[in-house]
Each structure stands twice: as C-alpha cells, then as structure tokens.
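Me: I'm new to this one and would like to understand the labels people put on it. Could you walk me through them?

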Amino acid sequence: VDSCTAFCATAVGECDAFVFDEASCRQGCETNLSEAYGCSEDCGTALEVMFQCVAERDDCQDVYDWRDRIEDHACSRAVVDVSLVCPF
C-alpha cells in the first residue's frame with residue numbers, strides 16, 4: 001500500500017519516530033489497514049487518510065506530536081475521523 005510506504009518513509013526513515021525499521025513499519029501499517037478495511041470501507045479509508053496525513057508532514061515535530069497523541073497536532077482531525085468510523 002503506497003500510503004504505508006510514504007508513512008513509514010516519513011515516520012521511521014526521516015523522523016526516527018519508532019524503534020522498528022521501515023520494513024517492519026510497512027508490514028504493521030499494511031496489517032492495520034487490511035484489518036481496518038475488514039471492519040468497513042469507511043474505516044479503512046479513514047485510517048489510510050491518517051497515515052497519508054502523517055506521511056505528508058515536513059516537520060518531524062508534527063510526527064512526534066501525532067505519535068505522542070499531543071492534543072492538537074497536524075493530523076488530529078484525521079485521527080478523530082478514524083475514532084468515529086472504526087470500532088477500535
């Protein structure tokens with residue numbers, strides 16, 4: 001999934017936001033997305049939009065704020081959308 005590749009390149013490759021490597025990130029991301037799409041199309045789409053939002057951040061601080069669930073981060077709207085349509 002392209003959004004996972006982009007997300008992991010930003011979150012792990014550029015920003016080093018997680019301890020795992022890009023390959024593990026992609027695998028986890030794709031698993032999360034397939035589970036989300038398994039719940040519903042809306043859930044999968046919302047999760048993909050969130051990953052894409054994080055992938056498009058230029059500032060790693062935005063990525064860290066998303067990771068750390070800082071209340072008002074650059075992708076908080078996308079995170080709220082996921083919580084509204086996904087049962088997890």
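Me: What are F7 and F51, buried or exposed?

Reply: Both F7 and F51 are buried. Keep in mind that this is a predicted model. The word buried is used for a relative accessible area under 20%.

Me: And what makes the ring pair of F7 and F51 tilted?

Reply: Start with the search of the whole structure, which finds 4 aromatic pairs. In the pair F7 and F51, the ring centres are 4.7 Å apart, and two rings pair if their centres lie within 6.5 Å. Their planes meet at 50°, which is neither under 30 degrees (stacked) nor over 60 (edge-to-face), so the pair is called tilted.

Me: How do you know that this pair links distant parts of the chain?

Reply: Look at where the two sit: F7 is in helix α1 (residues 2-14), while F51 is in helix α3 (residues 41-55). They are 44 residues apart.

Me: Why is the pair F18 and F20 called stacked?

Reply: The planes of F18 and F20 are at 5°, and under 30 degrees counts as stacked, so that's the label. Their centres lie 5.1 Å apart, so the 6.5 Å limit for a pair is met too.

Me: Why do F18 and F20 count as partly exposed?

Reply: Partly exposed is the range between buried (under 20%) and exposed (over 50%). F18 has 22% relative accessibility, so it falls in that range. F20, with 36%, does so as well.

Me: Which residues do the ring pairs link into a cluster?

Reply: The cluster holds F7, F18, F20, F51 and W66.

Me: What is H73 in contact with, leaving aside its neighbours within four places in sequence?

Reply: H73 touches D65, W66 and V79. You'll find H73 in the loop between α4 (60-67) and α5.

Me: Why is H73 called buried?

Reply: Its relative accessibility is 8%, and buried means under 20%, so H73 qualifies.

Me: How do you know that the side chain of H73 has a polar atom close enough to the backbone nitrogen of C75 for a polar contact?

Reply: The distance between that nitrogen of C75 and a polar atom of the H73 side chain is 3.1 Å. The limit for a polar contact is 3.5 Å, so the distance fits.

Me: What makes T10 buried?

Reply: T10 lies in helix α1, and its relative accessible area is 4%, which is under 20%, so T10 is buried. Leaving aside neighbours within four places in sequence, T10 is in contact with C15, V54, A55, R57 and V63.

Me: Why does L84 count as exposed?

Reply: The value for L84 is 62%, and exposed means over 50%, so the word fits. L84 lies in helix α5 (residues 76-85). Together with V80 and V85, L84 forms a nonpolar patch on the surface, with about 250 Å² of accessible area for the three together.

Me: Which loops hold D16 and R69?

Reply: D16 is in the loop between α1 and α2, and R69 is in the loop between α4 and α5. Phi of D16 is near 55°, a positive value in a residue other than glycine. R69 also has a positive phi, near 55°.

Me: And why are D16 and R69 called exposed?

Reply: D16 has 60% relative accessibility, over the 50% cut-off, so D16 is exposed. R69 has 70%, so R69 is exposed too.

Notes: Residues numbered from 1 in each chain as written. Predicted model: local features only at pLDDT ≥ 70, side-chain atom pairs only at ≥ 80, totals over all residues. Heavy atoms only, no water. Patch = residues over 30% accessible without salt bridge, like charges linked within 9 Å, V, L, I, M, F, W, Y side chains within 5 Å. Areas by Shrake-Rupley, 256 points an atom, 1.4 Å probe, with all protein chains shown as cover. Salt bridge = Lys/Arg side-chain N within 4 Å of Asp/Glu carboxyl O. Helix = DSSP H or I, 4+ residues; strand = E, 2+ residues; numbered from the N terminus. Buried < 20%, exposed > 50% of the residue type's maximum accessible area, 1.4 Å probe, protein only. Phe/Tyr/Trp six-rings, centres within 6.5 Å; stacked < 30°, edge-to-face > 60°. Polar contact = N/O pair within 3.5 Å; in protein donor to acceptor, adjacent residues only side chain to side chain. Contact = heavy atoms within 4.5 Å.
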